[in-house]
Amino acid sequence: MTTIRPFPADFLWGAAAAAYQIEGAVAADGRTPSIWDTFTRVPGAILHGDTGDVACEHYDRMPQDVALMKALDLGSYRFSVAWPRVCPDGGAVNRAGLDFYSRLTDELLAAGITPWLTLYHWDLPQALEDDGGWTNRDTAHRFLDYAMAVHDVLGDRVDSWTTHNEPWCSAFMGYTSGGHAPGRREGVAGVVAAHHLLVGHGLFVDEFRRRGGTPDNGKAVGITLNPTVADPFDPTRDDDVDAARRLDGFHNRVFLDPLFLGKYADDLSRDTAGMLFGGRPWEDFVQDGDLELISAPTDFLGVNYYHPDLPAALPCDVEPDELLGSRIQHSPRPRESPYPGGGFVFPRTGRPTTDRDWEIDPDALTRLLVRLAGTYDAPPIYITENGAMADDVVVDGAIHDTGRQQFIEQHLHAVLDAVDAGVDVRGYFVWSLMDNFEWSYGFAHRFGIVHVDYATQVRTPKDSARWFSEVAVANGLPVA
């Protein structure tokens with residue numbers, strides 16, 4: 001006998017995507033280069049030398065893609081706006097670029113799909129990076145100018161506004177590791193960039209409120225983070241316990257503490273002692289009033305979750321081929337640890353992995369959500385990304401992605417476990433709507449519930465898409 005494990009009433013079901021990963025048309029209608037257009041030209045930066053120049057041609061195929069979303073019974077679509085399309089070179093507003101997102105919004109609303117807008121999903125105009133990018137405080141103010149230009153046009157039709165998607169990746173993968181655009185490997189610059197990203201967030205929230213953006217008016221604002229669960233690989237080894245603490249500081253608390261506690265943790269300063277950017281410690285970039293601005297209350301928190309992290313401090317007795325990520329092909333350009341000072345690795349624990357070589361642990365998602373609600377008294381939470389990369393095979397025009405379906409199902413149960421524990425979770429967006437340009441992995445890694453044939457641009461819903469649609473319509477999981 002099969003019963004249904006229900007989700008809360010009015011639970012929001014959707015799929016997510018990002019501008020640079022799907023739009024293509026990188027020079028159309030006045031758009032100028034972003035840091036990702038530049039980074040994809042760096043030799044060895046992207047697996048197989050792929051670029052987002054064409055991607056999924058969503059810019060030209062948008063109406064058909066919205067019709068596909070409707071056919072899948074999606075209640076919401078989480079999309080990002082391309083900054084260099086709206087404000088080319090970070091400057092004046094380009095109406096032609098804004099018109100695309102206006103048409104997209106209208107198309108979604110006509111289809112009965114709620115637009116969920118993200119202002120920044122990593123595509124900084126290259127002209128602003130040339131002036132220092134997110135290590136330059138002025139970029140936070142240019143972000144506000146751009147964000148309010150979008151709000152001026154879409155604010156009457158879009159109710160849910162997200163400032164940043166995964167600022168950890170923007171800051172630490174972009175300015176410490178060098179694995180993401182702009183590809184800088186400058187140590188504690190990642191913390192400086194993180195602070196300025198948070199300042200940009202706070203500036204928008206403040207202006208959003210000034211313009212009547214409140215739940216009483218049906219409007220909501222928040223931020224999407226990708227917090228991890230940091231457990232020591234060997235909890236009996238003091239160095240591993242300390243590695244987990246440092247990982248938690250550089251990955252989670254560097255954002256959570258200023259957002260929800262109005263401060264930076266003391267151990268963040270201790271762990272970066274002696275590290276300088278531009279001859280200055282990162283604390284020098286924090287100005288009076290910044291933390292008050294950053295910690296202004298928001299209406300929701302977006303959470304992206306794929307896997308936990310269990311660091312082992314170096315040195316440790318683990319062979320290189322027993323480290324997570326060692327069994328997949330990476331882009332060849334050298335990169336540093338995204339955590340200033342490095343000093344730890346991620347050995348395998350024996351858990352199953354996705355084809356991306358990420359360990360699968362749904363229980364960690366439950367623990368994460370309980371922590372956010374308890375330690376940080378987080379506002380209502382939406383799972384804004386969750387999904388699995390799989391080596392999909394097309395057989396007679398169909399994609400039987402059982403592994404991806406099981407991954408999503410396991411994590412939906414984990415969400416319900418958190419709800420049962422009292423966490424206010426109000427929605428789930430699968431990553432991703434369709435296969436797309438997967439950053440440094442190019443087109444080699446597929447996360448979509450819809451298959452894209454990049455040669456023909458034909459979209460084919462996978463088995464996981466049909467299953468997800470049924471779950472969304474039922475607002476519950478079947479339980480045997």
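User: Why are helix 5 and helix 7 called oblique to each other?

Analyst: This is a predicted model, so the reasoning rests on its coordinates. The axes of helix 5 (residues 95-110) and helix 7 (residues 138-154) come within 10 Å and cross at roughly 50 degrees. Oblique covers angles that are not under 35 degrees, not over 145, and not in the 65 to 115 range. A crossing at roughly 50 degrees falls outside those ranges, so helix 5 and helix 7 are oblique to each other.

User: Which residues of helix 5 and helix 7 make the contact?

Analyst: On the helix 5 side they are Arg95, Leu98, Tyr101, Ser102 and Thr105. Helix 7 contributes Ala149, Val150, Val153 and Leu154. The handedness of this crossing is right-handed.

User: What makes the span of helix 14 agree with its 19 residues?

Analyst: Its 19 residues should span 27 Å at 1.5 Å a residue, and the end C-alpha atoms are 27 Å apart, so the two values agree. After helix 14 comes glycine 422, with a positive phi near 100 degrees.

User: Why is histidine 411 called buried?

Analyst: Histidine 411 has a relative accessible area of 0%, and buried means under 20%, so histidine 411 counts as buried. This histidine lies in helix 14. Other buried residues of helix 14 include Arg404, Phe407, Ile408 and Leu412. Leaving aside residues up to four places away in sequence, histidine 411 touches Tyr305, Ile360, Asp361, Pro362, Leu365 and Asn386.

User: How many residues does helix 15 have, and what span is expected?

Analyst: Helix 15 (residues 463-474) has 12 residues, with 16 Å expected at 1.5 Å a residue. From first C-alpha to last, helix 15 reaches 17 Å, close to that expectation. Its buried residues are Ser464, Ala465, Trp467, Phe468, Ser469, Val471 and Ala472. They pack against helix 14 (402-420) and four strands: strand 2 (12-16), strand 13 (425-431), strand 15 (458-461) and strand 16 (476-479). Helix 15 is followed by asparagine 475, which has a positive phi near 50 degrees.

User: How many disulfides does a search of the whole structure find?

Analyst: The search finds 0 disulfides. Take cysteine 169: the nearest cysteine sulfur belongs to cysteine 56 and is 19 Å away. A disulfide needs the two sulfur atoms within 2.5 Å, and cysteine 169 is in no disulfide.

User: Is cysteine 316 buried, exposed or partly exposed, and what about cysteine 169?

Analyst: Cysteine 169 has a relative accessible area of 8%, so it is buried. Cysteine 316 has a relative accessible area of 24%. The partly exposed class lies between 20% and 50%, so cysteine 316 is partly exposed.

User: What is the phi of glutamate 166, which is not a glycine?

Analyst: Glutamate 166 has a positive phi of about 45 degrees. Most residues other than glycine have a negative phi. Glutamate 166 lies in the loop between strand 5 (160-165) and helix 8 (167-177), and with a relative accessible area of 6% it is buried. Tryptophan 439 also has a positive phi, of about 55 degrees, although it is not a glycine. That tryptophan sits in the loop between strand 13 and strand 14.

User: Why does tryptophan 439 count as buried?

Analyst: Its relative accessibility is 4% and the buried class is under 20%, so tryptophan 439 counts as buried.

User: Which peptide bond to a proline is cis?

Analyst: The bond from leucine 314 to proline 315 is cis, with omega near -5 degrees. Proline 315 is in the loop between strand 8 (312-313) and strand 9 (344-345). The peptide bond from tryptophan 431 to serine 432 is also cis, with omega near 0 degrees. Serine 432 is found in the loop between strand 13 and strand 14 (450-453).

User: Why does isoleucine 4 count as partly exposed?

Analyst: At 47% relative accessibility, isoleucine 4 falls between the 20% and 50% cut-offs, so it counts as partly exposed. Isoleucine 4 lies in strand 1 (residues 3-6). Not counting residues up to four places away in sequence, isoleucine 4 touches Gly476, Leu477 and Pro478.

Definitions and conventions:
Residues are numbered from 1 along each chain as its sequence is written. This is a predicted model: local features need pLDDT of at least 70, side-chain atom pairs count only at pLDDT 80 or more; totals for chains, interfaces and linings use all residues. Side-chain values use heavy atoms; hydrogens and water are left out. Helices (H or I, at least four residues) and strands (E, at least two) are DSSP runs, numbered from the N terminus. The expected span of a helix is 1.5 Å times one less than its number of residues. Buried means under 20% relative accessible area, exposed over 50%, partly exposed in between (1.4 Å probe, protein chains only). Contact means heavy atoms within 4.5 Å. Axes are lines fitted to C-alpha atoms, for helices over the stretch in contact, and angles run from 0 to 180 degrees between N-to-C directions. A crossing is left-handed if the near helix is turned anticlockwise from the far one by less than a right angle, and right-handed if clockwise.
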